[in-house]
Amino acid sequence: MDKIEELIEKKHNIRQGGGQDKLEGQHSQNKLTARERINLLLDEGSFIEIGTFLKDSTVIAGYGTSQGKLVYVYSEDYTKNGGLMNKASGEKIANIMEMALKMGAPLVKILDSAGGDIKDGLNTLLAYSKITNLTAKLSGVVPQISLVLGHCAGISAVTAAMSDFTIISKETGRLYVNPALDLSNKEEKFIGVSQYGEGEKVLNNGGATIACDNDKEVLAMAKKIVQLMPSNNMEKPFIENEDNKGFIQESLDEMCKSNKINKRHLSMEIFDDNSYIELFKSDEDVVLTTLGKINGLSVGVMVVAPEHNEYLNIKSLDRLTRFVKLCDSYHIPLVTFVDAEGFSSTLKEEENGLVLSIAKLTYSLAEATTPKVAIIVGKAYGSAYVTLSNKEGAFDMVYAWPNAKIAVTTPEKIIMALNRDEITGASNPKDKEKEVITSLETEITSPYKAAELGFIDDIIVPKETRARLFMTLDMLQTKKVIKYPKNHGTILI
């Protein structure tokens, strides 16, 4: 055997991972192998492996293109010693992360590991520490996308949650800090799903950004996100002029007339076809946070429209804050649709820190320098208006639909305060109160009054919302903001 044949054989053996039996074991759990996952993520034939011969490594790392866009990737190989983290794997991962930082390209982390290798002792802690430190350094510089396609526990789960996007497979993904038993003693075995229950039980722990059904859907979602996001924080979003959807949506006129906001329908009508991605989805559907494109321009959209007399609570506010920080980090324009009376008034929410969550969101929106547009599509009362749609401190442009209601507080309180004598002096105060509120509510909350005072820039025809947004965001692409010199504010501490 000559040297070339020897090299080819060695590379072939490396590509077999832990051996044919282990590869079949991976498939028996409906999981793709580490290399199959990379091949689905990247363009065919584009993957270039780095550190191929690094001894004892349980991870595959390298770079390639996804729909022509440079991407760095590492994939934990469960077939090799359970994908346990050790010094060699940590070095390989750290190297690829540093390359992504230098080249200004997205990093995709494919996670499927039984934990840390206790046989490697403190070197395992060193490996995790390097990865955690680099994850923090890369944050807000290049997009980091973590794909949880197997077990992801302890500090590995923490670094996954530190990424810009954490996508989990409902079928195979397990994201947690404290395992039910010590996985590091099981590195040579395939862990049964039954030991930890169904995946749905670990999806709502706050760590996952998006949940998909299986490995293939997770990888497809990662590819979609790579195309939506700029490669780094120095790259401005560019307009592709896709023109795959008309600018007029008649259904938005109907939504305005009915005065009932359907959050998902509104977002989908605004975005180009097949570009819609919902982030931080939960059973508590008070707010909606989505990424997509408007005529080829990547845009983040928040729809704040609680239903069934709900108010904004801590969970929904923190979700909005996280989304604002994501969009601002990568200069992605932000659009907010507002139909909100205010914030939760329960004692439990107050005790749990409601005011701090409101402060976080208000600060994040005011601090964000990315183009910001607010559209009031329903109610915007008091503090909800100030936080979510104010022109003075946060938003570059503020529009309203003709059904919008804008007031310093709920109109009932204003009317009752201004007409107290008339109401209390009537023979039937309750009936008089209802009569006065009905007759004066429209006048007090009229969007035309707010427009006359300069609180909003224009009142727009709902069906023209997509067109107006594109023209406005296109104009705002050259926006520049002078910042005061400081390390950071203290509001989020």
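Me: Which residue is the bridge partner of Val108 in β5?
Reply: That's Ile145. One thing up front: this is a predicted model, where local features need pLDDT of at least 70 and side-chain atom pairs count only at pLDDT 80 or more, while totals for chains, interfaces and linings use all residues. Residues are numbered from 1 along each chain as its sequence is written, and side-chain values use heavy atoms, leaving out hydrogens and water.

Me: What makes β4 and β5 a pair of strands?
Reply: Strands here are DSSP E runs of at least two residues, and helices are H or I runs of at least four, both numbered from the N terminus. Two strands pair if DSSP finds at least two bridges between them. β4 (residues 107–111) and β5 (residues 144–148) are joined by five bridges, so they count as paired. The two run parallel.

Me: Which strands are called edge strands, and why?
Reply: The open sheet has seven strands, in the order β1-β2-β3-β4-β5-β7-β9, with mixed pairing. Its edges are β1 (48–49) and β9 (210–212), each of which pairs on one side only.

Me: How do you know whether α4 and α5 are roughly parallel or roughly antiparallel?
Reply: Check the angle between their axes, which are lines fitted to C-alpha atoms over the stretch in contact, with angles running from 0 to 180 degrees between N-to-C directions. Under 35 degrees is roughly parallel, over 145 roughly antiparallel, 65 to 115 roughly perpendicular, and the rest oblique. Helix α4 (residues 87–103) crosses helix α5 (residues 122–138) at roughly 15°, their axes coming within 8 Å. The two are therefore roughly parallel.

Me: And which residues of α4 and α5 meet?
Reply: Contact means heavy atoms within 4.5 Å. On the α4 side, Ile93, Ala94 and Met97 are among them; the α5 side includes Ile131, Leu134 and Leu138. Sorted by class, this contact has eight nonpolar, three polar and five charged residues. (Nonpolar covers Ala, Val, Leu, Ile, Met, Phe, Trp, Tyr, Cys and Pro; charged covers Asp, Glu, Lys and Arg; the others, Gly among them, are polar.)

Me: What makes α8 and α9 antiparallel?
Reply: Helix α8 (residues 250–258) and helix α9 (residues 263–270) cross at roughly 150°. That is over 145, so roughly antiparallel is the right label. Ser251, Leu252 and Met255 of α8 meet His265, Leu266, Glu269 and Ile270 of α9. Those split into four nonpolar, two polar and one charged.

Me: Why are α3 and α7 called oblique?
Reply: Helix α3 (residues 34–41) crosses helix α7 (residues 215–228) at roughly 40°. That value falls outside the named ranges, so oblique is what's left. Arg37, Leu40 and Leu41 of α3 make the contact with Asp215, Lys216, Leu219, Ala222 and Lys223 of α7.

Me: Where does pLDDT stay under 50?
Reply: Over residues 182–204. pLDDT is the predictor's confidence in each residue, from 0 to 100. The protein's mean is 86, with 85% of its residues at 70 or more. Where pLDDT is low, the predicted coordinates should not be read in detail.
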